[in-house]
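The following exchange examines the reasoning behind several structural descriptions. Each reply sets a value against the criterion that applies to it.

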Amino acid sequence: MLEALNEIESGGLAELADAGDADALEAWRIAYIGTKGKLRGVMPMMKDVPKDQKGAVGKRLNEVKGTLESAFESRKTALESSPGASGPAIDMTEPGIVDAQEVGRRHILSRVREELVEVFARMGFGVAQGPELEDDEHNFVKLNIPADHPARDPIDNFYVDNPDTTETPRMLRSQTSTVQIRTLETAVAEGWGPPVKIVSPGRVYRPDTVDATHSFMFHQIEGLHIDRDVSMSDLKTTLFQFARAYFGDDAEVRLRPSFFPFTEPSAEFDMKIALRPGDEPAWIELGGCGMVDPNVLKACGLDPDEWSGFAFGFGIERLAMGKYGVPDIRMLFENDIRFLRQI
Ligand code: DAH
């Protein structure tokens with residue numbers, strides 16, 4: 001019987017240490033010290049204990065009982081005082097601390113992108129997408145940018161494959177003009193266009209040194225309208241309407257003659273803005289535009305005698321800076337909460 005008592009004592013203490021909540025504790029109580037528990041279970045063995053040992057065994061029985069009962073009490077106290085044991089420690093009916101409930105919102109660049117897509121959608125432009133990991137066919141060749149053009153210099157691009165040893169090297173796209181090619185190729189292959197009238201917002205990458213107006217990654221929104229008899233005046237009307245819709249009726253914009261390999265004629269689109277309150281408004285360049293070069297149409301399998309169109313590509317950061325008076329492009333990427341709260 002002494003052996004049985006020893007076993008109950010050591011087993012009981014070990015199991016008690018594992019009882020982690022009120023239910024486990026109660027189950028343990030019933031199993032060990034309850035009226036049908038193990039301790040009660042060994043009591044009938046008392047009658048088989050030789051008379052001269054009854055006193056010692058009885059003493060041991062009381063000892064084990066005492067040990068288990070006081071261990072039970074202290075385990076119970078420990079569990080009750082630990083958080084969560086006596087129900088939720090939080091009073092769910094208490095009102096919340098209002099200051100801590102800050103409401104988040106979309107990043108300024110996401111909002112500007114959506115606003116731009118929305119303005120162009122009202123003018124009949126759909127949205128097209130293209131990959132950021134491109135190849136030089138789409139970033140350069142089909143955009144009429146010849147192999148010896150300075151824009152293709154490996155120093156000025158993020159090539160993924162070596163352009164000297166790879167036939168069609170992959171690169172991070174340096175302009176969203178790639179989507180002009182991708183969309184026209186798909187339209188021709190699938191037979192749903194032209195007419196094609198799309199804008200395409202997205203990221204572009206150039207190994208530029210970061211300063212107030214440059215970043216190695218920024219966003220552009222490309223526009224493309226191909227149809228029969230699209231003219232330069234359609235381009236001008238579209239861009240001037242866009243500027244008034246986005247910046248307000250008094251927006252001062254101008255087209256300035258320029259050159260791009262994929263448009264002929266080409267122009268730069270400028271707007272007069274003061275980026276800091278109190279500054280004299282100055283002309284800043286929003287992007288390039290022009291009439292799609294016949295070579296680009298041919299590269300996409302279109303007959304330039306039948307189809308014509310215009311294209312444009314604007315920097316989304318520039319547009320955001322102009323619209324919200326942000327003087328430094330880095331502010332758009334640093335995600336300083338004090339800046340983000342202001343716009
Ligand atoms: N892709 C040009 C750039 O990144 C911008 C541009 C100019 C896009 C003229 C056009 C365009 O679609 O017609 O500098």
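Q: Which residue is the bridge partner of glycine 223 in E9?
A: In this predicted model, glycine 223 has phenylalanine 312 of E9 as its bridge partner.

Q: What makes strand E5 and E9 a pair?
A: Two strands pair if at least two bridges are found between them. Strand E5 (residues 217–227) and E9 have eight bridges and run in the antiparallel sense, so the criterion of at least two is met.

Q: How do you know that strand E8 is joined to E9?
A: Five bridges join strand E8 (residues 282–292) to E9, and the two run antiparallel. Within E9, phenylalanine 310 stands opposite methionine 291.

Q: Why is strand E9 called largely enclosed?
A: A residue is buried when its relative accessible area is under 20%. Seven of the eight residues of strand E9 (residues 308–315) are buried, and the strand is therefore largely enclosed by the rest of the structure.

Q: Why does glutamate 9 count as buried?
A: The relative accessibility of glutamate 9 is 17%, and the cut-off for buried is under 20%; glutamate 9 therefore counts as buried. Glutamate 9 lies in helix H1. Leaving aside neighbours within four places in sequence, glutamate 9 is in contact with Arg60, Val64, Thr67 and Leu68.

Q: What makes H1 roughly antiparallel to H2?
A: Helix H1 (residues 2–18) and H2 pack at an angle of about 170°, and their axes are 10 Å apart. Angles over 145 degrees count as roughly antiparallel, so H1 is roughly antiparallel to H2. From H1, the contact involves Ile8, Gly11, Gly12, Glu15 and Leu16; from H2, Leu25, Trp28 and Tyr32 take part. By class, five of the residues in the contact of H1 with H2 are nonpolar, two polar and one charged.

Q: Why are H2 and H4 called roughly antiparallel?
A: The angle between helix H2 (residues 22–32) and helix H4 (residues 51–81) is about 175°, with the axes 11 Å apart. The threshold for roughly antiparallel is over 145 degrees, and H2 and H4 are therefore roughly antiparallel to each other. Leu25, Trp28, Arg29 and Tyr32 of H2 meet Leu68, Phe72, Arg75, Lys76 and Leu79 of H4. The contact of H2 with H4 comprises six nonpolar, no polar and three charged residues.

Q: How many ångströms apart are domain 1 and domain 2?
A: The domain assignment gives domain 1 as 2–81 and domain 2 as 108–342. Their C-alpha centres lie 81 Å apart.

Terms used:
Residues numbered from 1 in each chain as written. Predicted model: local features only at pLDDT ≥ 70, side-chain atom pairs only at ≥ 80, totals over all residues. Heavy atoms only, no water. Domains from an automatic or database assignment. Axes fitted to C-alpha atoms, helices over the stretch in contact; angles between N-to-C directions. Helix = DSSP H or I, 4+ residues; strand = E, 2+ residues; numbered from the N terminus. Parallel < 35°, antiparallel > 145°, perpendicular 65-115°, else oblique. Contact = heavy atoms within 4.5 Å. Nonpolar A, V, L, I, M, F, W, Y, C, P; charged D, E, K, R; others polar. Buried < 20%, exposed > 50% of the residue type's maximum accessible area, 1.4 Å probe, protein only.
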